[in-house]
Amino acid sequence: MAHAIFISYRRDDTEGEAGRLFDDLNRAFGNDAVFMDVSGIEPGTDFRKAIDDNVACCGVLLAMIGPTWATIAGSDGQRRLDNENDYVRLEIASALRRNIAVIPVLVHDAHMPHADQLPDNLKDLAYRNSVEITHARWNSDVQLLIQALGQYVNATKETETEPVHAAVPVQLPPLHAAPEAAPVRTKSNTPLMVGIAVLVALGIALAVFFVLHRPTTSALDGRWTNPSAQGRNSLVQLEISGSGNQLAIHAWGLCPPANCDWGMQTASFDGQKAQATWSLMNDASGEEKGRAATLTISKSGSDKLEVEVANTYTGHAGNTHQSEFVRAQ
């Protein structure tokens, strides 16, 4: 199945936004029009060829770019973009080589990388016109992107809303009905009553289903603040969104006069608690800090969260702090 839209992203940089955009585009264009993640590669298959084949099926590639997209390093300490086998590099390079439209999508106030930051086979990306999607204007920004993507993919029949017209003719009985016609007319009401009963039962079943399957994350969704935050880079603000057992959590630390952006992480959610870890290893200059902060979040009231921050450090013993967050007004 050919996919018209290919979403390329880094899990450590824009996983939450890529998943949210994937859902929005699926609703707009249908499940068969959007592709994200190169998965299901059989053992022994050349993953470079598998990526190239998947990109070849698309009409446009969306390159999700966050603040660390160009600088993030692998386990060997080397910048991932400098690795010829980096998945993101292979995806975008394949699209550029095939002259497929590549649209950079900037999130988290990220800026377009300069050509001198990119390997040779990605330098053309620096000259592609980009779009920006912000958290505050997500719906309107995505709508503009959907309009722009209309030239590459059309809405499927499943995503279109078509009016339903009644097509059952009404037939009157003759003026002089035969005596045996009366029981026939009486019997004809039975299918109608059965149909009404079935519709009522379906309505009740659907109502029960939606009550029992309401999103379990609604209690955690929203923006939360820590009124008692103190100490440099202590946790001061959270933004939580998502559904099911996966959440996206954006965190900020206390760094007067402006807060430090920890970035966004995905979190597992069991219906009671959500947990995610931030690796705060480097500052803007690249200096090693050696801190990892694991957040455990649970609901403690109608508008309150209980948040535990467990810090570990490479240079000294860790510590644990527990705070009560309130919903931001």
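Two strands count as paired if DSSP finds at least two bridges between them. Keep that handy for the first exercise, and remember that this is a predicted model.

**Exercise 1. Work out how strand 12 and strand 13 are arranged.**

Step 1: Find the strands. Strand 12 covers residues 304–313 and strand 13 covers residues 319–327.

Step 2: Check the bridges. The two strands are joined by 8 of them, and the cut-off is at least two, so they pair.

Step 3: Get the direction. Strand 12 and strand 13 run antiparallel. For a spot to click on, try Ala310, which sits opposite Thr320 in strand 13.

Step 4: Look at the link. With 5 residues between them, strand 12 and strand 13 make a hairpin.

**Exercise 2. Find the aromatic pairs and say what each one ties together.**

Step 1: Count. There are 2 aromatic pairs.

Step 2: Take Phe6 and Phe35. Their ring centres are 5.1 Å apart and their planes are at 40°. Stacked needs under 30 degrees and edge-to-face needs over 60, so this pair is tilted.

Step 3: Place that pair. Phe6 belongs to strand 1 (residues 5–8) and Phe35 to strand 2 (residues 34–36), so the pair links parts 29 residues apart in sequence. Both Phe6 and Phe35 are buried.

Step 4: Now Phe47 and Tyr87. Here it's 5.4 Å centre to centre with 20° between the planes, which makes the pair stacked.

Step 5: Place this one too. Phe47 is in helix 2 (residues 47–56) and Tyr87 is in helix 3 (residues 87–97), so the pair ties together parts 40 residues apart in sequence.

Step 6: Check the cover. Partly exposed runs between 20% and 50% relative accessible area. Phe47 comes in at 27%, so it is partly exposed, and Tyr87 at 38% is partly exposed as well.

**Exercise 3. Explain why Ile196 counts as partly exposed, and name the patch that includes it.**

Step 1: Locate Ile196. You'll find it in helix 5 (residues 181–212).

Step 2: Apply the cut-offs. Its relative accessible area is 41%, and buried means under 20% while exposed means over 50%. Ile196 is therefore partly exposed.

Step 3: Name the patch. Ile196 joins Leu192, Met193, Val200 and Ile204 in a nonpolar surface patch, with about 490 Å² of accessible area together.

**Exercise 4. Sketch the whole chain in a few numbers.**

Step 1: List the elements. The chain has 5 helices and 13 strands.

Step 2: Add burial and surface. Of the 329 residues, 36% are buried. The accessible surface is about 19800 Å², with 53% of that belonging to carbon and sulfur atoms.

Terms used
Residues are numbered from 1 along each chain as its sequence is written. This is a predicted model: local features need pLDDT of at least 70, side-chain atom pairs count only at pLDDT 80 or more; totals for chains, interfaces and linings use all residues. Side-chain values use heavy atoms; hydrogens and water are left out. Patches are made of residues with over 30% relative accessible area and no salt bridge: like charges are joined within 9 Å, nonpolar side chains (Val, Leu, Ile, Met, Phe, Trp, Tyr) within 5 Å. Accessible areas come from the Shrake-Rupley method with a 1.4 Å probe; for residues, only the protein chains shown count as cover. A salt bridge is a side-chain nitrogen of Lys or Arg within 4 Å of a carboxyl oxygen of Asp or Glu. Helices (H or I, at least four residues) and strands (E, at least two) are DSSP runs, numbered from the N terminus. Buried means under 20% relative accessible area, exposed over 50%, partly exposed in between (1.4 Å probe, protein chains only). Rings of Phe, Tyr and Trp (its six-membered ring) pair if their centres lie within 6.5 Å; planes under 30 degrees apart count as stacked, over 60 as edge-to-face and the rest as tilted.
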